[in-house]
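Subject: Structure for you to look at

Dear colleague,

Here is the structure I promised to pass on. My notes on it follow below.

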Amino acid sequence: MKSQYHFNFEDLKVYQKAIEFDEIAHHQIKAFPKIEDYRLSSQFARAADSIAFNIAEGSGSSDAAFLNYLRIARDSSRECVSATTKAYRRNYISFNEYETNRGFLVEINKMLSALMKHLQNKNN
């Protein structure tokens, strides 16, 4: 069911992709062993959440401020690459899940970079 209330940042494809990735990551994290609750699970969940959170939070700011939020989102997406690698190497996720995550994260990084470039060019 779709809400009758709408925010402009929800139209951003990169925001939608970040939300989709976040749900995939959280589904995977549920299967991690208990020992990882306050370690890899927590770090991965926070980094995955941070991508969409920063896009949303920064969208209402000036272009310069939005760029900073997008940089943080991009940093968080790169943190998710590391978390994905650790999860795969520890046999918590399959190779297919590893590849799916990496595919999403490459796409998110490209989209964030393109949006950042657009904002920078707009102000030059």
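Among contacts in the chain between residues at least 6 apart in sequence, 68% join residues at least 24 apart; contact here means heavy atoms within 4.5 Å. Please bear in mind that this is a predicted model, in which local features need pLDDT of at least 70 and side-chain atom pairs count only at pLDDT 80 or more, while totals for chains, interfaces and linings use all residues. Residues are numbered from 1 along each chain as its sequence is written, and side-chain values use heavy atoms, with hydrogens and water left out.

Confidence

The chain has a mean pLDDT (the predictor's confidence in each residue, from 0 to 100) of 96, and 99% of its residues reach 70 or more. Helix H1 (residues 13-29) has the highest mean among the elements, at 98, and helix H4 (residues 95-122) has the lowest, at 96.

Overall fold

The chain contains four helices and zero strands, which gives the pattern α-α-α-α when read along the sequence. Its radius of gyration is 15 Å, close to the 14 Å that the globule rule gives for 124 residues, so the chain is as compact as a globular protein of that length. That radius is taken over C-alpha atoms, and the rule is 2.2 Å times the number of residues to the power 0.38. Helices (H or I, at least four residues) and strands (E, at least two) are DSSP runs, numbered from the N terminus.

Along the principal axes, the C-alpha atoms fill a box of roughly 45 × 35 × 25 Å. The accessible surface comes to about 7,700 Å², and 52% of that belongs to carbon and sulfur atoms. Accessible areas come from the Shrake-Rupley method with a 1.4 Å probe; for residues, only the protein chains shown count as cover.

Core

Of the 124 residues, 38% count as buried. Buried means under 20% relative accessible area, exposed over 50%, and partly exposed in between (1.4 Å probe, protein chains only). The largest nonpolar core has 32 residues, and those with the most contacts inside it are Phe 21, Phe 44, Ile 51, Ile 55, Leu 70 and Cys 80. H1, H2, H3 and H4 each supply at least two residues of this core. By nonpolar core I mean a set of buried Ala, Val, Leu, Ile, Met, Phe, Trp, Tyr and Cys residues joined through side-chain atoms within 4.5 Å. Not counting residues up to four places away in sequence, Cys 80 touches Phe 21, Phe 44, Ala 47, Ala 48, Ile 51 and Leu 105.

Ser 50 and Ile 72

Ser 50 is found in helix H2 (residues 40-58) and counts as buried because its relative accessibility is 14%. Leaving aside neighbours within four places in sequence, Ser 50 is in contact with Ile 72 and Ser 76. Ile 72 is found in helix H3 (residues 63-89) and counts as partly exposed, at 41% relative accessibility. With the same neighbours left aside, Ile 72 is in contact with Ser 50 and Asn 54. The C-alpha atoms of Ile 72 and Asp 11, which are 61 residues apart along the chain, are separated by 20 Å.

Salt bridges

A search of the whole structure finds five salt bridges, each a side-chain nitrogen of Lys or Arg within 4 Å of a carboxyl oxygen of Asp or Glu. Glu 36, Arg 39 and Arg 90 are linked in a network of them. Glu 36 forms a salt bridge with Arg 39, the closest N and O atoms being 3.7 Å apart. The side chains of Arg 90 and Glu 36 also meet in a salt bridge, at 2.9 Å from N to O. This pair links distant parts of the chain, with Arg 90 in the loop between H3 and H4, Glu 36 in the loop between H1 and H2, and the two positions 54 residues apart. Glu 36 is buried, with a relative accessible area of 1%, whereas Arg 39 counts as partly exposed at 46% and Arg 90 as partly exposed at 33%.

Asp 63 and Lys 122 meet through their side chains in a salt bridge of 3.1 Å, N to O. The pair links distant parts of the chain: Asp 63 is in helix H3 and Lys 122 in helix H4, 59 residues apart. Asp 63 is partly exposed, with a relative accessible area of 21%, and Lys 122 is exposed, with 51%.

Regards
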